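Please open the structure in a viewer and keep the sequence panel at hand. The tour below proceeds by selection, with a short account of what each selection contains.

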Amino acid sequence: MEMVEADAAAAASAWPGSSRRSHLLQFLLHASNRLDLRPIVKYSALSFFDGRFLPALPRKMGFYGARSGRAIRSWLIEPLRDSNLELFVLVAVWIASKIHEMRPLSVKSLKALSDRIIADQHFTCRDFADAELVFMEVVDYNVGCSNIAFIYLEQLLIQFREISKLGDLLSMDVCMEILDVLYETEDTSWLFDFPCPLAASTLVTAYVMSVPKQTWEFPILPWVRFTTSYAEEEIMKIVMTILMHVLKPDEIKEKNKREFSI
């Protein structure tokens, strides 16, 4: 029995696999563009799906054996097809829009999009409602979104622009492109477990990339340390990790890879 549970745990630890996870996140980003989502909706959906739903799903499906507690039973996860996971991606977007929008996305609009971008299966409006119930049970109804990197980043950028004209040279689009790359790169996705230092490091990275070097008179690192209470060394480690993945070719990145602990 213990060997069976150990095998199940090993299978769950490899879940969902790098190629499948990458496909699903790219699918979410594509859907966000098609739906013209506000950034807060997009990054909340990413947090719900990648940070909560995917990690919790093996346990909720009973992959950890008898000790994992009551498993969820639903045709949407038994068997677990890629098309069903893509449905759960759209459900994460739906939930995020309900939280942040005065007029949330309608299930009809999501169904219409799913008919166009989910290749293997057509889902009904009822399927979306059933999938929402499964999604909420998998994440234990944890859909709070105050502790995500984008919110901290937005607040830091507003404060920076209030005290320095150099803030006008920093584009939120550049910051979001950095976040998207980090989400899509499996070996940097762990940074999102530390949203506040990630936000501070993303701001510093965008500063380095966007502000001309001859105008670097603003003490960006001391200001970030003062504002967030994180040490400059910790921020610089994350900044170097981000730059290594955003700017360098893969072969150089692999040669110089370092593991930094926040």
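The stops below move from the whole chain to individual residues.

**The whole chain**

Begin with the full model, which is predicted. Display it as a cartoon: the protein has 12 helices and zero strands. Read from the N terminus, the order of elements is α-α-α-α-α-α-α-α-α-α-α-α. Of its 262 residues, 49% count as buried. If a surface is added, about 13,300 Å² is exposed, and carbon and sulfur atoms supply 53% of that area. For a contact map, take the contacts between residues at least 6 apart in sequence: 72% of these join residues at least 24 apart.

**Colour by confidence**

Next, colour by pLDDT. The mean for the protein is 84, and 84% of the residues reach 70 or more. Select residues 64-68, where the pLDDT is below 50; beyond near neighbours in sequence, the model gives this stretch 13 contacts. Then select residues 251-262, over which pLDDT also stays under 50. For this second stretch the model has 16 contacts beyond four places in sequence.

**Aromatic pairs**

Now show the aromatic side chains. How many aromatic pairs does a search of the whole structure find? The search returns 11. Select Phe53 and Phe135: because their ring centres are 4.6 Å apart and their planes stand at 0 degrees, the pair is stacked. Phe53 belongs to helix H3 (residues 39-60) and Phe135 to helix H6 (residues 125-138), so the pair ties together parts that are 82 residues apart in sequence. Are these two residues buried or exposed? Phe53 is buried, at a relative accessible area of 0%, and Phe135 is likewise buried, with a value of 0%.

Phe218 and Trp223 provide another geometry, an edge-to-face pair with 6.3 Å from centre to centre and 65 degrees between the planes. Buried means under 20% relative accessible area. Phe218, with 16%, is therefore buried, and Trp223, with 12%, counts as buried too.

Return to Phe53 and extend the selection to Phe49, Phe88 and Phe135: ring pairs link these four residues into a cluster.

**Leu28 and its surroundings**

Select Leu28, in helix H2. The residue is buried, with a relative accessible area of 0%. Apart from neighbours within four places in sequence, Leu28 is in contact with Lys42, Ala45, Leu46, Phe49, Val89 and Val93. One of these, Phe49, is also a member of the ring cluster. A distance monitor between the C-alpha atoms of Leu28 and Leu46 should read 7.5 Å, for residues 18 apart in sequence.

**Backbone features in loops**

Select Asp36, in the loop between helix H2 (18-35) and H3. Its phi is near 55 degrees, a positive value in a residue other than glycine. Asp36 is exposed, with a relative accessible area of 67%.

Continue to Glu78 and Pro79, which are joined by a cis peptide bond with omega about -5 degrees. Pro79 is placed in the loop between H3 and helix H4 (82-100).

Then move to Asp140, in the loop between H6 and helix H7 (149-163). Phi is near 55 degrees for Asp140, again a positive value in a residue other than glycine. With a relative accessibility of 46%, Asp140 counts as partly exposed.

**Thr188**

Select Thr188, in the loop between helix H8 (172-184) and H9. Its relative accessibility is 0%, so Thr188 counts as buried. Which residues does Thr188 touch, not counting those up to four places away in sequence? They are Val181, Leu182, Thr241 and His245.

**A nonpolar surface patch**

Finish with the surface display and select Val208, Met209, Trp216 and Leu247. Together these residues form a nonpolar patch on the surface, with about 350 Å² of accessible area. Met209 is located in helix H9 (residues 195-210). Its relative accessible area of 36% makes Met209 partly exposed.

Note on methods:
Residues are numbered from 1 along each chain as its sequence is written. This is a predicted model: local features need pLDDT of at least 70, side-chain atom pairs count only at pLDDT 80 or more; totals for chains, interfaces and linings use all residues. Side-chain values use heavy atoms; hydrogens and water are left out. Patches are made of residues with over 30% relative accessible area and no salt bridge: like charges are joined within 9 Å, nonpolar side chains (Val, Leu, Ile, Met, Phe, Trp, Tyr) within 5 Å. Accessible areas come from the Shrake-Rupley method with a 1.4 Å probe; for residues, only the protein chains shown count as cover. A salt bridge is a side-chain nitrogen of Lys or Arg within 4 Å of a carboxyl oxygen of Asp or Glu. Helices (H or I, at least four residues) and strands (E, at least two) are DSSP runs, numbered from the N terminus. Buried means under 20% relative accessible area, exposed over 50%, partly exposed in between (1.4 Å probe, protein chains only). pLDDT is the predictor's confidence in each residue, from 0 to 100. Contact means heavy atoms within 4.5 Å. Rings of Phe, Tyr and Trp (its six-membered ring) pair if their centres lie within 6.5 Å; planes under 30 degrees apart count as stacked, over 60 as edge-to-face and the rest as tilted.
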